[in-house]
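Welcome, and thanks for opening the viewer. Could you bring up the structure and follow along, one selection at a time?

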Amino acid sequence: MINKKEMEAVKNKIERYYYNEKVIVWNQKELERLTKRLQDIEKDRNSPLMPVSLCTDLKGVRYDNVGGNAGGIPQSLMDRNIEAIYSRLERNYEQTQQNILELKINIQKLEDERKQTEFYIHLLNEESKMLLEYKHKQKKGVLQIAYIMNLSKSSVSRLLCDTYTDLYKLMHYKQEI
């Protein structure tokens, strides 16, 4: 028999497994959204038509302070506005790429953690898998599980304890060898 602390550790690991499953799905959707955003930014950067409306009420171009510019190249207000738009698109593109990379790393970490627990759950019998799914994935109570599985409340509680014990033994079998 395992003690209460070990039982809680196994419960937490199972809860984290099902939580990670939900987070991975959400992160995949976020990754799709960021990828679409990246494509939109790329399309905007390469578009001959500006995606942002330019200030068209600008006064005429003044080239009288040519010496004040850094390169000595005359630049109109419209040119600076266009340059600002392209530099903003470039910053957005780089930031989106960084967000995608961080999200992919996070997804990979979650999947690695999930795979280990999934292996141990796979080793359980079908009844134990159903119990865990009802309890942790669907957040059903012991009484609801008993009604669904046509068992008594005490049988469900005992089966859950047995399942947690089996999982604990499976998870720590490798350490004992």
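Contact here means heavy atoms within 4.5 Å. With that in hand, start with the whole chain of this predicted model: among contacts between residues at least 6 apart in sequence, 76% join residues at least 24 apart. Colour the chain by secondary structure and you will find five helices and zero strands, in the order α-α-α-α-α along the sequence. If you colour by accessibility instead, 28% of the 177 residues count as buried.

**Stop one: helix α1**

Select residues 4-46, which make up helix α1. How far does α1 reach from its first C-alpha to its last? The 43 residues of α1 cover 61 Å, close to the 63 Å expected at 1.5 Å a residue.

Now step to the N-terminal end of α1 and show the side chain of Asn-3, which caps that end. One of the things to display is the distance from a side-chain oxygen of Asn-3 to the backbone nitrogen of Lys-5, which is 3.2 Å.

Move along to Glu-8, also in helix α1. Is Glu-8 buried or exposed? Glu-8 counts as partly exposed, because its relative accessibility is 34% and that class lies between the 20% and 50% cut-offs. Add Tyr-164 to the selection: 156 residues separate Glu-8 and Tyr-164 along the chain, yet their C-alpha atoms are 9.0 Å apart.

**Stop two: helix α3**

Next, select residues 126-137, helix α3. The end C-alpha atoms of α3 are 15 Å apart, which agrees with the 16 Å that its twelve residues should span at 1.5 Å a residue. Which residues of α3 are buried? Show Ser-128, Lys-129, Leu-131, Leu-132, Tyr-134 and His-136 to see them. Just beyond, look at the backbone of Lys-139, which follows α3 and has a positive phi, near 55 degrees.

**Stop three: where α1 meets α3**

Keep both helices on screen. Two packed helices are described by the angle between their axes and the distance between the axes. For α1 and α3, the angle is about 70 degrees and the axes lie 10 Å apart, so α1 is roughly perpendicular to α3.

To see who makes the contact, select Lys-11, Ile-14, Glu-15, Tyr-18, Glu-21 and Lys-22 on α1, then Lys-129, Leu-132, Glu-133, His-136 and Lys-137 on α3. Colour this set by residue type, and the contact divides into three nonpolar residues, one polar and seven charged. Lys-129, Leu-132 and His-136 may look familiar: they were among the buried residues of α3.

Notes
Residues numbered from 1 in each chain as written. Predicted model: local features only at pLDDT ≥ 70, side-chain atom pairs only at ≥ 80, totals over all residues. Heavy atoms only, no water. Helix = DSSP H or I, 4+ residues; strand = E, 2+ residues; numbered from the N terminus. Expected span 1.5 Å × (residues − 1). Polar contact = N/O pair within 3.5 Å; in protein donor to acceptor, adjacent residues only side chain to side chain. Axes fitted to C-alpha atoms, helices over the stretch in contact; angles between N-to-C directions. Parallel < 35°, antiparallel > 145°, perpendicular 65-115°, else oblique. Nonpolar A, V, L, I, M, F, W, Y, C, P; charged D, E, K, R; others polar. Buried < 20%, exposed > 50% of the residue type's maximum accessible area, 1.4 Å probe, protein only.
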